[in-house]
Amino acid sequence: MANRLRTEEKVEILGRLPLFENCTGRELGEIAAIMVETAKPAGSFLTREGQDGGIMFVIVEGEAEVLAGEDQPAAARTIGHLRTGDVVGELSLIDGKARSASVRATTPVRLLEIVSDDFYQLVQRSPSFVMSLLKALSIRVREMDLLTS
């Protein structure tokens with residue numbers, strides 16, 4: 001894994017993500033300032049289905065798989081793949097409900113994390129971020145509708 005990201009590098013990464021596309025440079029700076037960089041090895045879980053949320057992740061580098069039914073190994077199945085630029089955990093962060101799926105790193109991953117307290121403060125300060133988040137969630141719901149129809 002590479003060296004730690006500077007705030008400017010975080011801003012550049014966030015600015016390329018659909019989730020943050022409507023945010024101003026100042027807002028991206030605020031978001032970058034509260035995001036913490038972490039790294040996890042291949043095989044580690046970012047989230048576990050059924051557990052409390054509280055953290056949203058942006059994958060800066062690496063890949064992961066989304067698993068459903070992971071709590072019952074015989075029924076576990078891969079339902080998606082994530083890569084650099086994907087966001088994980090925003091649903092639980094927003095609604096406070098348990099995680100709807102498990103996410104396991106398939107390669108070493110480098111992440112930016114935001115915890116719920118910081119997220120709620122950000123929502124109050126940044127209408128652009130809220131709109132971007134709503135758009136990203138809308139797209140995700142439409143994609144899921146297409147998969148199930």
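Two strands count as paired if DSSP finds at least two bridges between them. Helices (H or I, at least four residues) and strands (E, at least two) are DSSP runs, numbered from the N terminus. With that in hand, welcome to a few exercises on this chain.

This is a predicted model, in which local features need pLDDT of at least 70, side-chain atom pairs count only at pLDDT 80 or more, and totals for chains, interfaces and linings use all residues. Residues are numbered from 1 along each chain as its sequence is written, and side-chain values use heavy atoms, with hydrogens and water left out.

**Exercise 1. The sheet with β2 and β7**

Task: find how many bridges join β2 to β7, and place both strands in their sheet.

Solution:
- Step 1. β2 and β7 run antiparallel and are joined by 2 bridges. T47 has V103 in β7 as its bridge partner.
- Step 2. Next take strand β4 (residues 64-68), which is joined to strand β7 (residues 102-105) by 4 bridges, again antiparallel. Here A64 is partnered with A105, and L67 stands opposite S102.
- Step 3. Now assemble the sheet: it is open, has 4 strands in the order β2-β7-β4-β5, and its pairing is antiparallel. At the edges stand β2 (45-47) and β5 (77-82), each with a single partner strand, so one side of each is left without a neighbour in the sheet. From one strand to the next the twist averages 30° (axes are lines fitted to C-alpha atoms, for helices over the stretch in contact, and angles run from 0 to 180 degrees between N-to-C directions).

**Exercise 2. The sheet with β3 and β8**

Task: work out the strand order of the open sheet that contains β1 and β6.

Solution:
- Step 1. Start from strand β3 (residues 55-61) and strand β8 (residues 109-115), which run antiparallel and are joined by 6 bridges. Within this pair, V58 stands opposite L112 of β8.
- Step 2. Extend outwards: the 4 strands lie in the order β1-β8-β3-β6, with antiparallel pairing. The edge strands, β1 (36-40) and β6 (87-88), each pair on one side only.

**Exercise 3. Two helices and their faces**

Task: for α1 and α2, decide which residues are buried and which are exposed.

Solution:
- Step 1. Fix the terms: buried means under 20% relative accessible area, exposed over 50%, and partly exposed in between (1.4 Å probe, protein chains only).
- Step 2. In α1, the buried residues are K10, I13 and L14. They cover an arc of only 95° around the axis, which puts them on the same side of α1 (the arc is that of the directions from the helix axis to the C-beta atoms). On the other side of α1, E8 and E12 are exposed.
- Step 3. Helix α2 (residues 25-34) has E27, L28, I31 and A32 buried. Down the axis of α2 these fall within an arc of 135°, so they line one face of the helix. The face turned away from that buried side carries exposed R26 and A33.
- Step 4. Ask what covers the buried residues of α1: the cover includes α2, β3 and β8.

**Exercise 4. The nonpolar cores**

Task: identify the residues that touch the most other members of the largest nonpolar core, then follow two of them.

Solution:
- Step 1. A nonpolar core is a set of buried Ala, Val, Leu, Ile, Met, Phe, Trp, Tyr and Cys residues joined through side-chain atoms within 4.5 Å. Of the 23 residues in the largest one, L14, F20, I31, V58 and F129 touch the most other members. Two or more residues each come from α1 (7-15), α2, β3, β8, α4 (116-125) and α5 (127-148).
- Step 2. Follow L14, which lies in helix α1 and counts as buried because its relative accessibility is 0%. Leaving aside neighbours within four places in sequence, L14 is in contact (heavy atoms within 4.5 Å) with F20, L28, I31, A32, M35, V58 and L112.
- Step 3. Follow F20: with neighbours within four places in sequence again left aside, F20 is in contact with L14, L28, I31, M56, V58, F129 and S132.
- Step 4. Look for a further core: a second, separate one of 12 residues includes I59, A64, A105 and L111.

**Exercise 5. The whole chain**

Task: describe the chain by its elements and its dimensions.

Solution:
- Step 1. The chain has 5 helices and 8 strands, running α-α-β-β-β-β-β-β-α-β-β-α-α from the N terminus on.
- Step 2. Along its principal axes, the C-alpha trace spans about 50 × 35 × 25 Å.
- Step 3. Buried residues make up 39% of the 149 residues.
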